[in-house]
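Work through the exercises below with the model open in a viewer. Each task is followed by its solution in steps.

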Amino acid sequence: KQWYQRRVAITAGTLLELCLVFGVLWASVGFEYTAICGLTTASYIAFTYNVTVWRTKFRKQMNKADNEIGFKSFDTMINYETVKYFNNEKFEGANYSKLLAAFEQGSLKTQSSLSLLNSGQQIIITAGITASMYLAVQQILSGNMSVGDLVMINLLLIQVAQPLNFLGSIYREIQQSHTDMRKLNDLLSNRPSLQECSDAVTAAAPCRGDIVF
């Protein structure tokens with residue numbers, strides 16, 4: 001609960017900071033830079049959402065393989081004598097190797113998709129800053145803007161990038177945690193097939209046993 005409350009507070013502060021940056025840009029340098037900043041923010045959020053939803057299946061695949069590896073290891077160790085009795089070591093080893101390969105594949109896809117997400121986010125931020133800097137340089141050359149305005153725009157856009165990174169990280173953590181906890185929720189929702197009768201009574205011991213040496 002405290003973790004959730006902290007994330008909500010950070011998100012609210014980030015949104016407030018974005019609104020303040022948009023207001024300062026609008027009042028100081030006009031609509032063009034505000035539009036570029038808004039487009040960059042919208043592109044960042046859309047890209048983060050779509051890629052995070054897309055890469056969730058890789059996380060599920062990795063979690064499924066991890067669970068199967070744990071089950072196979074436990075089952076093999078518990079039934080060690082049976083495996084040895086039927087001379088099934090190679091068969092069990094091959095199955096375990098397949099599960100390890102599936103886990104490795106899911107882990108690689110999860111890490112690769114995370115790298116793609118981070119790279120895409122940085123490309124979007126860099127493109128927005130570059131477009132704003134190009135427009136500012138053109139206005140400086142035409143005498144409609146000073147170098148100080150360019151520095152201000154650069155600082156404000158960099159200031160926007162930081163809260164966007166926070167929002168992206170928070171959403172990614174929430175989505176990943178939800179994926180990891182889904183399996184546990186499914187397990188807890190299962191009900192045993194044998195249920196105790198509603199009218200069951202506690203059996204009373206007929207006698208008290210003692211151990212005497």
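**Exercise 1: a ring pair within one helix**

Helix α2 holds both W54 and F58, which are four residues apart, about one turn of the helix. The model is a predicted one.

Task: State what kind of aromatic pair W54 and F58 form, and why.

Solution.
- A pair of aromatic rings is described by the distance of the centres and the angle of the planes.
- The ring centres of W54 and F58 are 5.1 Å apart, and the planes stand at 85°.
- Planes over 60 degrees apart count as edge-to-face, so the pair of W54 and F58 is edge-to-face.

Task: Is F58 buried or exposed? Classify W54 as well.

Solution.
- Buried means under 20% relative accessible area, and exposed means over 50%.
- F58 has 12% relative accessibility, so F58 counts as buried.
- W54 has a relative accessible area of 38%, so W54 is partly exposed.

**Exercise 2: the other ring pair**

Task: How many aromatic pairs are counted, and what is the geometry of the pair formed by W26 and F31?

Solution.
- The count comes to two aromatic pairs.
- W26 and F31 form an edge-to-face pair, with 5.7 Å centre to centre and 85° between the planes.
- W26 has a relative accessible area of 53%, so W26 is exposed.
- F31 also has a relative accessible area of 53%, and therefore F31 is exposed.

**Exercise 3: the largest cavity**

Task: How many cavities of 30 Å³ or more are there, and which residues line the largest cavity?

Solution.
- The count is two cavities of 30 Å³ or more.
- The largest cavity holds about 60 Å³ of space.
- Its lining consists of T52, R55, T56, R59, R172, Q175, Q176 and T179.
- The elements giving two or more residues to this lining are α2 (31-78) and α5 (147-189).
- By class, the lining of the largest cavity has no nonpolar, five polar and three charged residues.

**Exercise 4: the second largest cavity**

Task: Which element gives the most to the lining of the second largest cavity, and how does that lining divide by class?

Solution.
- About 50 Å³ of space lies in the second largest cavity.
- The residues lining the second largest cavity are T40, I125, G128, I129, L157, V160, A161 and L164.
- Two or more of these lining residues come from each of α4 (89-141) and α5.
- The most comes from α5, with four residues.
- The lining of the second largest cavity divides into six nonpolar, two polar and no charged residues.

Conventions: Residues are numbered from 1 along each chain as its sequence is written. This is a predicted model: local features need pLDDT of at least 70, side-chain atom pairs count only at pLDDT 80 or more; totals for chains, interfaces and linings use all residues. Side-chain values use heavy atoms; hydrogens and water are left out. On a 1 Å grid over the protein atoms alone, a cavity is a set of points where a 1.4 Å probe fits but cannot get out, and a pocket is an open set with protein on both sides within 12 Å along at least five of seven lines; lining residues have an atom within 4 Å of a point. Grid points are joined across faces, edges and corners, and a volume is the space filled by probe spheres set on the points. Ala, Val, Leu, Ile, Met, Phe, Trp, Tyr, Cys and Pro count as nonpolar, Asp, Glu, Lys and Arg as charged, and the others, Gly among them, as polar. Rings of Phe, Tyr and Trp (its six-membered ring) pair if their centres lie within 6.5 Å; planes under 30 degrees apart count as stacked, over 60 as edge-to-face and the rest as tilted. Buried means under 20% relative accessible area, exposed over 50%, partly exposed in between (1.4 Å probe, protein chains only).
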